[in-house]
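User: Please walk me through this model, one question at a time. I'd like the cut-offs spelled out as we go.

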Amino acid sequence: MKSRESLTRLKEFQVNEKRRQLQQLQMMMAEFDRMTKDLENQIVLEEKKSGISDPNHFAYPTFAKAARQRADNLQVSIRELQVQEEALETSLEEMQAEYAKAAALEERDGSGPVRARA
């Protein structure tokens, strides 16, 4: 009986850990998205200030080029994190199913002797 309780607690811990990882990943993606929008706003301002909006122009602002590259890199990172998010969500669903089974077994085993005593 103790082993079932331990198994249930372990499964519950694993589910909570996956949820925490998923939440951290989502927060990171939101932060990257916010940073990308800030960079895009800065690019627009820099282009307006210089009067050149063509990145291939020889006088295109260096800051705008660097900000554009950084924004592109952040977008790539967001896409990679989305793949990780999907994998984590799948893993979380599996962990939740395992936890539900363990909890059901514990409940069944725990409630069996109680009914026999009554």
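**Salt bridges, core and helices**

User: What is the relative accessible area of R68?
Analyst: R68 counts as partly exposed, the class between buried (under 20% relative accessible area) and exposed (over 50%), using a 1.4 Å probe and protein chains only. Please keep in mind that this is a predicted model: local features need pLDDT of at least 70, side-chain atom pairs count only at pLDDT 80 or more, and totals for chains, interfaces and linings use all residues. Residues are numbered from 1 along each chain as its sequence is written, and side-chain values use heavy atoms, with hydrogens and water left out. For R68 the relative accessible area is 29%.

User: Which residue forms a salt bridge with R68?
Analyst: A salt bridge here means a side-chain nitrogen of Lys or Arg within 4 Å of a carboxyl oxygen of Asp or Glu, and for the pair with R68 the closest N and O atoms are 2.7 Å apart. R68 lies in helix α2 and E47 in helix α1, so this bridge ties together parts that are 21 residues apart in sequence. Helices are DSSP runs (H or I, at least four residues), numbered from the N terminus. The partner of R68 is E47.

User: Is E47 buried or exposed?
Analyst: The relative accessible area of E47 is 14%. With the cut-off for burial at under 20%, E47 is buried.

User: Which residues do salt bridges with shared partners join into one network?
Analyst: One bridge among these residues links D38 and R34, at 2.6 Å from N to O. The two are 4 residues apart in helix α1, separated by about one helical turn. An α-helix has 3.6 residues a turn, so residues three or four places apart point the same way. The network consists of E31, R34 and D38.

User: What is the relative accessible area of R34?
Analyst: Its bridge partner, D38, is partly exposed at 33%. R34 is partly exposed too, and its relative accessible area is 39%.

User: How far apart in sequence are the parts that K11 and E98 tie together?
Analyst: The count comes to 7 salt bridges, and K11 with E98 is a salt bridge at 2.7 Å, N to O. K11 is buried at 15% relative accessible area, whereas E98 is partly exposed at 34%. K11 lies in helix α1 and E98 in helix α2 (residues 62-117), so the parts they tie together are apart in sequence by 87 residues.

User: How far from K18 is the nearest side chain of opposite charge?
Analyst: K18 sits in helix α1 (residues 2-50), and it is buried yet has no salt bridge. Lys and Arg count as positive and Asp and Glu as negative, with His and the chain ends not counted. Leaving aside neighbours within four places in sequence, K18 contacts (heavy atoms within 4.5 Å) L88, S91, L92 and M95. The nearest opposite charge belongs to E17, at 8.0 Å.

User: Which element gives the largest share of the largest nonpolar core?
Analyst: A nonpolar core is a set of buried Ala, Val, Leu, Ile, Met, Phe, Trp, Tyr and Cys residues joined through side-chain atoms within 4.5 Å. The largest one has 19 residues, and F32, L39, I43, Y60, L74 and L81 have the most contacts inside it. Two or more residues each come from α1 and α2. The largest share, 9 residues, comes from α2.

User: Which residues does L39 touch, not counting those up to four places away in sequence?
Analyst: L39 is among the residues with the most contacts inside the largest core. Beyond that sequence window, L39 touches A67, R70, A71 and L74.

User: What distance does α1 reach from its first C-alpha to its last?
Analyst: α1 has 49 residues, and the expected span of a helix is 1.5 Å times one less than its number of residues. After α1 comes G51, with a positive phi near 80°. The expected span is 72 Å, and α1 reaches a distance close to that, 72 Å.

User: How far apart are the end C-alpha atoms of residues 15-108?
Analyst: An unreviewed UniProt entry places the feature "coiled-coil region" at this span; such annotations may be inferred rather than shown by experiment. The span is 88% helix and 0% strand, a strand being a DSSP run of E with at least two residues. Its end C-alpha atoms lie apart by 21 Å.
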